[in-house]
Amino acid sequence: MWLRHPLRIGAIAPSSRALGRKMAWQIGNPDGKRVVELGGGTGAITRALLAHGITHENLIVVERDPVMYQALRRRFPSLPVLEGDAADLAGLLTRAGIGPVDAVISGLPLLGMPAMVQQAILAAAFAALGPDGKFIQFTYGPSVPVRPGVLGKLGLIARSVGRVWRNVPPARVWLFERQPTG
Ligand SMILES: C[S@@+](CC[C@H](N)C(=O)[O-])C[C@H]1O[C@@H](n2cnc3c(N)ncnc32)[C@H](O)[C@@H]1O
């Protein structure tokens, strides 16, 4: 699948364990945390989230590609895997009867998406997140993987939380949060 469709997937290889771990650590203490993973792909980050201590009931995976979706369902039969577009996260969670979440972990190829799509995905993610919710994204590029203006329009700030060399290619992890008020 990966070798046949790298462009559809948006990466040249599955995320490494080191990258999955770095993403999962951003959640902090996993106790009771409810997490959405966007673009579950092969399940590399899904596995890292479970290893970090996010429970099966508290991890929801969203995948748009029907083939990847079916593979994720087979690989993780006890997880709620939702088939659909990350930009429709509110609709997907409502239909599944799932309320606010503490963190959204994204394996989406956000960097290559048009500004409108980036904005729709981030707006949907922050609508699902509670007030202190975090959006965690990796990118292969050197800077924030969102086009100019998108973060400001949504009242968000982003900071790099480090580089992961043990990944092909090396990746950087970014944390997006709401701008503090007052
Ligand atoms: C880079 S890959 C997956 C990364 C994953 N961490 C892994 O190692 O397998 C990105 C995934 O996002 C999915 N995807 C892309 N755009 C999407 C969207 N708008 N909504 C949901 N999933 C999407 C793709 O189908 C693909 O499976």
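This is a short tour of the structure, stop by stop, with something to select at each one.

**Before you start**

You are looking at a predicted model, in which local features need pLDDT of at least 70 and side-chain atom pairs count only at pLDDT 80 or more, while totals for chains, interfaces and linings use all residues. Residues are numbered from 1 along each chain as its sequence is written, and side-chain values use heavy atoms, with hydrogens and water left out.

**Stop 1: the ligand**

Select the ligand and show the residues around it. The shell holds 21 residues, and the closest are S15, T42, E63, D85 and A86. A residue belongs here if one of its heavy atoms lies within 4 Å of the ligand. By type, the shell divides into nine nonpolar, eight polar and four charged residues. For this count, Ala, Val, Leu, Ile, Met, Phe, Trp, Tyr, Cys and Pro are nonpolar, Asp, Glu, Lys and Arg are charged, and the others, Gly among them, are polar.

Now look at some polar contacts (pairs of N or O atoms within 3.5 Å; within protein, one must be able to donate a hydrogen and the other to accept it, and residues adjacent in sequence count only if both atoms are side-chain atoms). Start with E63, where a polar side-chain atom lies 2.5 Å from an oxygen atom of the ligand. At S15 the partner is a polar backbone atom, 2.8 Å from a ligand oxygen. R64 also uses its backbone, with an N or O atom 3.3 Å from a nitrogen atom of the ligand. How much of the ligand's accessible area does the protein cover? The protein covers 98% of the 600 Å² that the ligand has on its own. Accessible areas come from the Shrake-Rupley method with a 1.4 Å probe, and for residues only the protein chains shown count as cover.

**Stop 2: salt bridges**

Next, pick out the three salt bridges in the structure. The term means a side-chain nitrogen of Lys or Arg within 4 Å of a carboxyl oxygen of Asp or Glu.

- Select D85 and R64, whose closest N and O atoms are 3.7 Å apart. This pair links distant parts of the chain, 21 residues apart: D85 is in the loop between β3 (81-83) and α5 (89-95), and R64 is in the loop between β2 (59-63) and α4 (66-75). Helices (H or I, at least four residues) and strands (E, at least two) are DSSP runs, numbered from the N terminus. R64 counts as exposed because its relative accessibility is 59%, while D85, at 31%, is partly exposed. The cut-offs are under 20% relative accessible area for buried, over 50% for exposed and in between for partly exposed (1.4 Å probe, protein chains only).
- Move to D88 and R95, with closest N and O atoms 2.9 Å apart. D88 is partly exposed at 35%, and R95 is exposed at 61%.
- Finish with E177 and R159, again bridged, with closest N and O atoms 3.7 Å apart. Here strand β7 (residues 171-178) holds E177 and strand β6 (residues 156-164) holds R159, with the two positions 18 residues apart in numbering. Both ends are partly exposed, E177 at 21% and R159 at 45%.

**Stop 3: helix α6**

Select residues 115-128. Does the length of this helix agree or disagree with what its 14 residues should span? It agrees, because at 1.5 Å a residue helix α6 should span 20 Å, and its end C-alpha atoms are 20 Å apart. The expected span is 1.5 Å times one less than the number of residues.

Color the buried residues of α6: Q118, I121, L122, A124, A125, F126 and A128. Zoom in on Q118, which counts as buried because its relative accessibility is 0%. A polar atom of the Q118 side chain lies 3.4 Å from the backbone oxygen of P145. A120, also in helix α6, is partly exposed at 33%. From A120 to L154 the C-alpha distance is 9.9 Å, across 34 residues of sequence.

**Stop 4: a cis bond and a pair in space**

Select V168 and P169. The peptide bond from V168 to P169 is cis, with omega near -10°. Most peptide bonds are trans. P169 sits in the loop between β6 and β7.

Last, select K33, in the loop between α2 (17-25) and β1 (35-38). K33 is partly exposed, at 23% relative accessibility. Add D102: the two are 69 residues apart in sequence and 5.9 Å apart in space, C-alpha to C-alpha.
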